[in-house]
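User: Please walk me through the helix packing and the core of this chain. Keep the answers short.

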Amino acid sequence: MSEREQLIAALSRDVPSVKPVRNIDHTALLWMLLSAAYVVAITHLFGPIRPNALAQLASTPRFLGELLCGLAAIAVMAVVGFRAAIPGALTPRLATLGGVLVTVWVGCYVFGLVNPALEPSMLGKRPHCVWETFVYALPPVLLGFALTRRLFPLQPVKAALAFSLAAGLMPALYMQIACMYAPDHILKFHILPGLLMGALGASAAAAWWRDPSRV
C-alpha cells in the first residue's frame with residue numbers, strides 16, 4: 001500500500017457513515033403538494049371561490065391555459081429552489097425554463113390589459129386579497145427554509161429566491177379562481193405580492209447567511 005493510500009485509509013477510518021440525500025425532486029414535490037393543499041384550504045377557510053370560476057375554466061380555454069401556465073411555473077421554480085440547495089443539481093437550462101414560465105404567466109395578464117381572457121368583473125372580489133397573498137405564502141416559505149437549511153446549500157440566496165417565489169405565486173394563482181377577474185387587479189394585488197415574496201425570501205437568506213452566529 002502506497003503512502004497516499006495509507007493516508008486516505010487513516011483519514012477515513014473513523015469517519016462515520018452518512019446517509020445519502022433523498023431525491024431532491026421528491027422533496028420539492030412533497031413541499032409543493034403540502035404547500036398547495038395548505039393554500040387552497042386556508043383560502044376556502046376565509047371565503048368561497050368566485051361563483052362562476054369553475055364554469056369559466058370549463059368554457060374558456062385561454063383562462064384554463066393561464067392557470068396551467070402558472071401551475072407549471074410554480075412547479076419548475078419549486079424544483080429550481082430545492083435543486084439549488086444541492087451542489088451540481090441545478091442546471092442553467094432548468095433555471096432559465098423557470099424564469100421563462102414565470103415571465104410568460106405574468107405576460108398573460110399584461111396582454112390581458114388590452115385583451116382579457118374573461119370579461120373583467122368585480123364578482124367574487126375579496127377585500128383583503130393582497131394581504132391574503134402575503135400571509136398565505138409565509139408558511140410555505142418557512143417550510144422551504146427548514147427543508148433546504150438542513151442541506152447546507154452553497155447557493156442559499158438562489159434557493160430561497162426560487163422556492164419563495166413559488167410559494168408566493170401559489171396564493172396568487174389560486175386568487176384567479178377565488179377573487180375577481182380583472183387583469184389590472186390581478187397584476188397589482190395577486191401577482192405583485194407573490195413576486196415580492198421571492199425577493200423577501202432571498203433577502204432573508206442573504207441576511208441569515210451573513211450572520212456569523214447562525215447555527
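The questions below go from the overall layout to the helix pairs, the core and two single residues.

This is a predicted model, in which local features need pLDDT of at least 70, side-chain atom pairs count only at pLDDT 80 or more, and totals for chains, interfaces and linings use all residues. Residues are numbered from 1 along each chain as its sequence is written, and side-chain values use heavy atoms, with hydrogens and water left out.

User: What pattern does the chain follow, read along the sequence?
Analyst: Helices (H or I, at least four residues) and strands (E, at least two) are DSSP runs, numbered from the N terminus. The chain has eight helices and zero strands. The pattern is α-α-α-α-α-α-α-α.

User: What share of the contacts with a separation of 6 or more comes from residues 24 or more positions apart?
Analyst: Contact means heavy atoms within 4.5 Å. Among contacts in the chain with a separation of 6 or more, the share from residues 24 or more positions apart is 85%.

User: Are α2 and α7 roughly parallel or oblique to each other?
Analyst: Axes are lines fitted to C-alpha atoms, for helices over the stretch in contact, and angles run from 0 to 180 degrees between N-to-C directions. Helix α2 (residues 24–45) and helix α7 (residues 156–178) pack at about 40 degrees, with axes 10 Å apart. Angles under 35 degrees count as roughly parallel, over 145 as roughly antiparallel, 65 to 115 as roughly perpendicular and the rest as oblique. The pair α2 and α7 is therefore oblique.

User: How many residues of the contact of α2 with α7 are nonpolar?
Analyst: On the α2 side the contact includes Trp 31, Met 32 and Val 39; on the α7 side, Phe 163, Met 170 and Tyr 174 are among the partners. Ala, Val, Leu, Ile, Met, Phe, Trp, Tyr, Cys and Pro count as nonpolar, Asp, Glu, Lys and Arg as charged, and the others, Gly among them, as polar. Three of the contact residues are polar, none is charged, and the nonpolar ones number twelve.

User: How is α5 oriented to α7?
Analyst: The two helices α5 and α7 pack at an angle of about 30 degrees, their axes 13 Å apart. That makes the orientation of α5 to α7 roughly parallel.

User: Which residues in α5 meet α7?
Analyst: The α7 side offers Leu 165, Leu 169, Ala 172, Leu 173 and Gln 176. This contact divides into seven nonpolar residues, one polar and no charged. The α5 residues are Val 102, Trp 105 and Tyr 109.

User: Which helix supplies the largest share of the largest nonpolar core?
Analyst: A nonpolar core is a set of buried Ala, Val, Leu, Ile, Met, Phe, Trp, Tyr and Cys residues joined through side-chain atoms within 4.5 Å. The largest one has 59 residues, and Trp 31, Trp 105 and Tyr 109 touch the most other members. Helices supplying at least two residues each include α2, α5 and α8 (183–210). The largest share, 15 residues, comes from α7.

User: Is Gln 176 buried or exposed?
Analyst: Gln 176 sits in helix α7. Beyond four places in sequence, its contacts include Arg 50, Trp 105, Tyr 109 and His 190. Buried means under 20% relative accessible area, exposed over 50%, partly exposed in between (1.4 Å probe, protein chains only). At a relative accessible area of 0%, Gln 176 is buried.

User: Does Thr 103 count as buried or exposed?
Analyst: Thr 103 is found in helix α5. Its relative accessibility is 54%, so Thr 103 counts as exposed.
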